[in-house]
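Please look at the structure shown here and follow how charged and aromatic side chains are arranged in it. The report below takes these contacts one group at a time.

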Amino acid sequence: MADVDFTYKIIVLRLLDKASSPISNSKLADFFVENGYTDYFSAQTAISDIVESDMVDVIKTHGTTSYTLNEEGRNSLSLFMDKITEDIDSDIDSYYKNNEISIKQEQSVSSSYYAISPKGFRVTCQIKDSKLSSVLYEVNTVVMSEAQAEAICNNWKARYEDLYFHFLDELTK
């Protein structure tokens with residue numbers, strides 16, 4: 001069993017190695033479940049072990065944790081690439097090809113907030129262009145409660161297209 005768990009960790013490193021942008025925790029776990037490698041909880045254990053070993057850089061935004069492979073992870077992967085079979089590599093390639101749009105969308109729309117005073121929170125909502133590596137649209141505001149900040153972040157992810165096009169329509173009248 002330990003060898004299988006080790007292989008899962010190497011697969012996580014390979015997934016991140018082949019990624020063109022940060023990959024969310026949920027997308028990493030989805031790969032394992034969708035391809036029948038293991039269940040969600042075993043995938044989460046492998047991801048957590050990789051994080052605890054400092055082989056990835058962690059990016060946290062509101063409600064989402066994403067990862068990128070760092071130098072330590074690349075070095076570890078290079079030592080154990082023999083654990084990645086051609087079939088596993090092919091599954092990774094297929095997963096990225098089949099999920100390219102949702103992965104890019106997940107990375108192109110973000111929102112976050114942080115406390116700026118005991119009763120104030122700064123909220124930032126963005127739409128990024130992954131091809132240009134630039135911000136297309138950004139909203140920054142200050143609200144008085146954490147509940148408001150959370151609501152804005154949640155609504156942004158659900159309604160960013162409508163809000164963005166409404167804003168453009170209003171400004172171009």
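## A network of charged side chains

Salt bridges link Arg14, Asp17, Lys18, Asp89 and Asp93 into a network. The model in which this network appears is a predicted one, and the distances and areas that follow are values computed from it. Side chains of opposite charge can pair when their charged atoms come close.

One contact that can be followed in detail is the salt bridge in which the side chains of Lys18 and Asp89 meet, with 3.4 Å from N to O. This pair links distant parts of the chain, since Lys18 belongs to helix H1 and Asp89 to helix H5 (residues 86-98), with their positions 71 residues apart in the numbering. Lys18 is partly exposed, at a relative accessible area of 25%, whereas Asp89 has a relative accessible area of 18% and is buried, because the cut-off for a buried residue is under 20%.

## Other salt bridges

The structure holds 8 salt bridges. Among them is the one between Lys9 and Asp49, whose closest N and O atoms are 3.3 Å apart. Here, too, distant parts of the chain are linked, with Lys9 in helix H1 (residues 2-18) and Asp49 in helix H3 (residues 40-52), 40 residues apart. Lys9 has a relative accessible area of 25% and is partly exposed, and Asp49, at 24% relative accessibility, also counts as partly exposed.

A salt bridge within one helix is found between Glu71 and Arg74, where the closest N and O atoms are 3.8 Å apart. Both residues lie in helix H4 (residues 71-79), and they are 3 residues apart, which is about one turn of the helix. Arg74 is partly exposed, with a relative accessible area of 39%.

## Aromatic rings

The structure holds 14 aromatic pairs. One of them is formed by Phe6 and Phe80, an edge-to-face pair with 4.9 Å from centre to centre and 85 degrees between the planes. Phe6 is in helix H1 and Phe80 is in the loop between H4 and H5, so that this pair links distant parts of the chain, 74 residues apart, and it counts as edge-to-face because its planes are over 60 degrees apart. Phe6 counts as partly exposed at 27% relative accessibility, and Phe80 is partly exposed with a relative accessible area of 31%.

The rings of Tyr40 and Phe41 also form a pair, with centres 5.5 Å apart and planes at 85 degrees, so this pair is edge-to-face. Tyr40, at 41% relative accessibility, counts as partly exposed, while Phe41 counts as exposed at 64%. Elsewhere, one aromatic cluster is formed by Tyr8, Phe31, Phe32, Tyr37, Tyr95 and Tyr96.

## A nonpolar patch on the surface

Which residues form a nonpolar patch on the surface? The patch is made of Phe165, Phe167, Leu168 and Leu171, which together have about 380 Å² of accessible area. Leu168 lies in helix H7 (residues 146-171), and Leu168 is partly exposed, with a relative accessible area of 31%. Leu168 can belong to the patch because a patch residue needs over 30% relative accessible area, and the value for Leu168 is 31%.

Note on methods:
Residues numbered from 1 in each chain as written. Predicted model: local features only at pLDDT ≥ 70, side-chain atom pairs only at ≥ 80, totals over all residues. Heavy atoms only, no water. Salt bridge = Lys/Arg side-chain N within 4 Å of Asp/Glu carboxyl O. Helix = DSSP H or I, 4+ residues; strand = E, 2+ residues; numbered from the N terminus. Buried < 20%, exposed > 50% of the residue type's maximum accessible area, 1.4 Å probe, protein only. Patch = residues over 30% accessible without salt bridge, like charges linked within 9 Å, V, L, I, M, F, W, Y side chains within 5 Å. Areas by Shrake-Rupley, 256 points an atom, 1.4 Å probe, with all protein chains shown as cover. Phe/Tyr/Trp six-rings, centres within 6.5 Å; stacked < 30°, edge-to-face > 60°.
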